[in-house]
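Reader: Please take a close look at the nonpolar interior of this chain. I would like the core first, then how it sits in the whole.

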Amino acid sequence: MLDLDICIVGAGSAGLTLALLLADSPLKIAVLDKDPAPELVAPSLKRVSALNQASKRLLSQLGVWQDLTSAAPYTDMKVWEADSFGRIEFSALEQGCDELGWIVDNEQLRSVLYSKLKSKTNVSCLFQSSILNISNSEQQNLLTLQEQSPILCKLLVAADGANSFVRQQLQMPIAFWDYQHQALVAQIRTTEAHQRCARQVFLPTGPLALLPLADPHLVSIVWSTSPEQAAELQAMPAEQFNKALTAASNSVLGLLQLESILNSYPLKMRYASEWVLNKTVLVADAAHTIHPLAGQGMNLGLMDVAALAELISQQISHQKPINEERMLRSYERWRKAEAQTLIAAMEAFKQGFGRQNPLLKLVRGVGMSLTDKLPFVKQKIMAAALGDSGDLPAIARPGVK
Ligand SMILES: Cc1cc2nc3c(=O)[nH]c(=O)nc-3n(C[C@H](O)[C@H](O)[C@H](O)COP(=O)(O)OP(=O)(O)OC[C@H]3O[C@@H](n4cnc5c(N)ncnc54)[C@H](O)[C@@H]3O)c2cc1C
């Protein structure tokens, strides 16, 4: 029997970051994942995420950021609506910072986090481990594993992603709705240089994002569209897809050409109504998933684990139990408030831009152009996108280098 303080299920960005945040504490921790360990290989850029300033501050504090060779900064953002005059632009210069955000390779982030964890004596990583059963009581959790010793832990953290096995096993209720969007993700070569500008066009069927990578002629696309159109686009020969993509992007980067395979992800909003059950707690995608149109899901999850680690560390310094219900509930209240704000904002965006009524389109166009001319409003929108607003964990607050 492995007797632990904390067992973290899921070695994604959230689970590994939590383990690293607590790695220098007196706690005995294990991270468990059903898949093999991430390997330190050259970034494939298969899946990337736009990370904000708050996430960068957190990962810098952990000594991880410095090793993220794939992190490509962007200094500008342009958002517009297809067939409309409505557009809004943001620049780092205008915000008084050097970058608005960074595009990071998801797998490289995991492998750097894991490589840092390997030297920590109080954290063990168990890969290719299958959980058979979880028994969750008011005192502790017992996990039975396939062909491995069982685990007893004071606190179980579910960081096992959108379809969380832990959440389902413990029957923790979840609200969800289908965004009726499929996200097509690929690397694209452009004839015009992207000039470190992240672009997003709202099409009648959904948003198309062009995220600038380190190569000035390479972008990662996230094309969220109806399942029917996604299936059609995926079935097209590359040449036909390139034409459709170039047209959808208004040729802002010249001719676009598929450089990788096209992956597709169904998009759902998920929100667990309870994030705490006895001595188990949900974090990141296990607790919430949002539309990727504002590139905030991973940022939100990283702040969840920073908040939880902060509260656990306070419990340790006050010599209180690390699984105290009062503390777990205060984590839940803190992070639910942040998640709810983003879920509502994403829904407003999706609903707002989904309506093609000409009058509504006109109002949106006027609204976007007006917003573009109002420095105060732009500042507010940008602070949220940079991750500088809201109730941030101490480690990610502005001013922390
Ligand atoms: C198309 C798309 C684009 C996105 N773009 C952005 C962006 O630009 N910026 C941004 O901030 N966010 C973005 N996101 C969101 C972001 O990808 C997620 O929020 C983030 O990856 C979630 O991290 P996680 O660690 O919670 O979960 P995951 O990355 O899903 O990790 C979960 C881990 O748990 C493991 N696991 C699962 N089940 C079990 C089990 N039964 N037992 C043990 N282990 C298990 C898995 O193997 C995995 O390693 C995007 C999402 C999508 C779909």
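**The nonpolar core**

Author: Buried residues make up 53% of the 401 residues in this predicted chain. Start with the largest nonpolar core. This core has 110 residues. Two of them, I6 and L143, have the most contacts inside it. Helix α8, residues 297-317, gives the core its largest share, 11 residues. A second core lies apart from this one and has 20 residues. I188, L208, W223 and A230 are among the members of that other core.

Now go to I6. Leave aside residues up to four places away in sequence. I6 then touches L22, L27, K28, I29 and A30. It also touches C153, L155 and V157. I312 and I322 complete the list of residues that I6 touches. I312 falls within the 297-317 range of helix α8.

Next, the frame around the core. The chain has 11 helices and 20 strands. Its radius of gyration is 21 Å, close to the 21 Å that the globule rule gives for 401 residues, so the chain is as compact as a globular protein of that length. The C-alpha trace spans about 60 × 45 × 40 Å along its principal axes. Take the contacts between residues at least 6 apart in sequence: 74% of them join residues at least 24 apart.

Then the outside. The accessible surface of the chain is about 17600 Å². Carbon and sulfur atoms account for 54% of that surface. The chain carries 36 positive and 38 negative charges. The mean positions of the two sets are 3 Å apart.

Two backbone spots deserve a stop. Most residues other than glycine have a negative phi. Q171 has a positive phi, near 50 degrees, and is not a glycine. A284 is not a glycine either, and its phi is positive at about 55 degrees. Both sit in loops. Q171 is in the loop between α5 (165-169) and β12 (174-190). A284 is in the loop between β19 (280-282) and β20 (288-289).

Their surroundings contrast. Q171 is exposed, with a relative accessible area of 71%. A284 is buried, at a relative accessible area of 8%. The cut-offs place them: exposed means over 50%, buried means under 20%.

Definitions and conventions. Residues are numbered from 1 along each chain as its sequence is written. This is a predicted model: local features need pLDDT of at least 70, side-chain atom pairs count only at pLDDT 80 or more; totals for chains, interfaces and linings use all residues. Side-chain values use heavy atoms; hydrogens and water are left out. Helices (H or I, at least four residues) and strands (E, at least two) are DSSP runs, numbered from the N terminus. The radius of gyration is taken over C-alpha atoms; the globule rule is 2.2 Å times the number of residues to the power 0.38. Buried means under 20% relative accessible area, exposed over 50%, partly exposed in between (1.4 Å probe, protein chains only). Contact means heavy atoms within 4.5 Å. Accessible areas come from the Shrake-Rupley method with a 1.4 Å probe; for residues, only the protein chains shown count as cover. Lys and Arg count as positive and Asp and Glu as negative; His and the chain ends are not counted. The place of a charge is taken as NZ of Lys, CZ of Arg, CG of Asp or CD of Glu. A nonpolar core is a set of buried Ala, Val, Leu, Ile, Met, Phe, Trp, Tyr and Cys residues joined through side-chain atoms within 4.5 Å.
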